Amino acid sequence: MKILRDYFLKEFLGPLFLSLGVLTFVMLIGNLIKIADLIINKGVDIFNVAKLFLFMAPYLLTYTLPISALTAVLLSLGRLSSDNEIIAIKASGINLFKLIFPLLITGTLLSLVLVVFNDRVIPYAHFAARKTLIEVGIKNPAAALEPGVFIDSFEKYILFIYRIDQNKLSNIRIYEPQGDDKPTRTIVAKRGEFVADPEKNMVKLKLIDGSSDEPDPENPSNFYKLNFKTYFMTLNMNNAQDSKEINKKPKDMTIQELKKEVNTVKKEGIDPSPLITEINKKISLAFSCFVFILLGVPLAIMTKRREKSINFGIAFVVVGIYYLLLMGSEALSLQGQMDPMIAMWLPNILFILIGAFLTYKICAY
């Protein structure tokens, strides 16, 4: 029995490390393309880019480890099943569950490791990445901005830039809300560029060939249009300069910090659902390792396929369904339509029930 248990584990661990390496590398390549764009096209300091890359990498493991566990169990047990080794084991009177059990223990251990990782490492890395992005934004504002989206990173203003080529901006719209019952001030310019002064903690936006809605001094609710050839705006980034003043978002917090925040917002009469959702998400995502192995074992034995492409396809479908369910449940939780604890554990519960039923079937017959 011990020899067979070791054999099952050995067959599983090889594909696990291989899949983990391949998946992490592929996802890192996706980030490398963005990082290359920051260095080549936006002129960001390579030291800051390296820091960003380092801080982004741990986040990938939250997803690559569970997916690798599923892929490994499909590849290893799929081969054993297609070679009729599973049938031979069952025909010998050996209880199949006793051979599967070490894989489930491995999935539980991986999940517990990922709980600690999601609670300690990911929040630290996420917060550090945000601080680095703000540093990049102060030194090179254009690098931190995306064209074609509304940008509300600057106090008082909302920017919409159609095109950003290094520090050259094209077709710029700037909106300055004036408060309730007052029209929004709008500035439009054909071209522009950022002039950064990190020492003075200032970022100026130089606008060229545009027009501005200026308030009428006698009646501030009315505006008159002012055309300009060159116009300088000072954008406030004071809050971003001192990293100590950056408030942590839920993703930047440990579970302990989130629990403290829940108590604080409850005392202020604010709905803590987003914070409770984040706590449960950190833990439920970690336990997807165990869930994927529990479901993957019977799937591999029942499908009896040793082809890597088919097993990767099955893994892709299972993972796709799981994360779609998770995103849907999270949306319902954040909208207050479902209890956060139930919502964030719903995909795990469904997959565990299906996995347990299928495991019982393959072990019983």
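This report describes the overall make-up of a predicted model and then a number of its local features.

## Overall make-up

The protein is built from 10 helices and six strands. Of its 365 residues, 43% count as buried, and the surface that the protein exposes comes to about 19600 Å², with carbon and sulfur atoms supplying 62% of that area. Among the contacts between residues at least 6 apart in sequence, 66% join residues that are at least 24 apart.

## A nonpolar patch and helix α1

A nonpolar patch on the surface is formed by Leu-18, Val-22, Phe-25, Val-26, Ile-29, Leu-32 and Ile-33, which together have about 660 Å² of accessible area. One of these residues, Phe-25, has its place in helix α1, which covers residues 2-40. Because its relative accessibility is 52%, and the exposed class begins over 50%, Phe-25 counts as exposed.

## Aromatic pairs

Across the whole structure, a search finds nine aromatic pairs. In one of them, the ring centres of Phe-97 and Phe-101 are 5.9 Å apart and the ring planes stand at 45 degrees, so this pair is classed as tilted. Phe-97 and Phe-101 are four residues apart in helix α4 (residues 96-139), and therefore about one helical turn separates them. Phe-97 counts as partly exposed at 35% relative accessibility, and Phe-101 is also partly exposed, with a relative accessible area of 41%.

Another pair, between Tyr-322 and Phe-351, is edge-to-face, with 5.4 Å from centre to centre and 80 degrees between the planes. Since Tyr-322 lies in helix α9 (residues 308-334) and Phe-351 in helix α10, this pair ties together parts that are 29 residues apart in sequence. Both Tyr-322 and Phe-351 are buried. The two residues also belong to a cluster in which ring pairs link Tyr-59, Tyr-63, Phe-292, Tyr-322, Tyr-323 and Phe-351.

## Buried polar and charged residues

Asn-348 is found in helix α10, which spans residues 340-364, and with a relative accessibility of 1% it counts as buried. When its neighbours within four places in sequence are left aside, Asn-348 is in contact with Ser-284, Phe-287, Ser-288, Val-291 and Tyr-322. Tyr-322, which is one of these contacts of Asn-348, is also the partner of Phe-351 in the edge-to-face pair.

Lys-282 is found in helix α7, made up of residues 273-286. Although Lys-282 is buried, it has no salt bridge, and the nearest side chain of opposite charge, that of Glu-278, is 4.1 Å away. A salt bridge would require a side-chain nitrogen within 4 Å of a carboxyl oxygen, so the separation between Lys-282 and Glu-278 falls outside that cut-off. Apart from neighbours within four places in sequence, Lys-282 is in contact with Asn-118, Pro-123, Pro-250, Lys-251, Met-253, Ile-255 and Leu-258.

## Strand β5

Two aspartates of strand β5 can be described in turn. Asp-209 has its place in this strand, which covers residues 202-216, and it has a positive phi of about 55 degrees although it is not a glycine. With a relative accessibility of 23%, Asp-209 counts as partly exposed.

Asp-213 is likewise found in strand β5, but this residue is buried, because its relative accessible area is 17% and the buried class lies under 20%. Asp-213 and Val-188 are 25 residues apart in sequence, while their C-alpha atoms are 9.0 Å apart in space. Leaving aside neighbours within four places in sequence, Asp-213 is in contact with Arg-185, Thr-186, Phe-223, Tyr-224 and Lys-225.

## A loop residue with positive phi

Lys-304 is found in the loop between helix α8 (288-303) and helix α9. Like Asp-209, with its positive phi of about 55 degrees, Lys-304 has a positive phi of about 55 degrees although it is not a glycine. At 41% relative accessibility, Lys-304 counts as partly exposed.

Methods:
Residues numbered from 1 in each chain as written. Predicted model: local features only at pLDDT ≥ 70, side-chain atom pairs only at ≥ 80, totals over all residues. Heavy atoms only, no water. Patch = residues over 30% accessible without salt bridge, like charges linked within 9 Å, V, L, I, M, F, W, Y side chains within 5 Å. Areas by Shrake-Rupley, 256 points an atom, 1.4 Å probe, with all protein chains shown as cover. Buried < 20%, exposed > 50% of the residue type's maximum accessible area, 1.4 Å probe, protein only. Lys, Arg positive; Asp, Glu negative; His and termini not counted. Contact = heavy atoms within 4.5 Å. Phe/Tyr/Trp six-rings, centres within 6.5 Å; stacked < 30°, edge-to-face > 60°.
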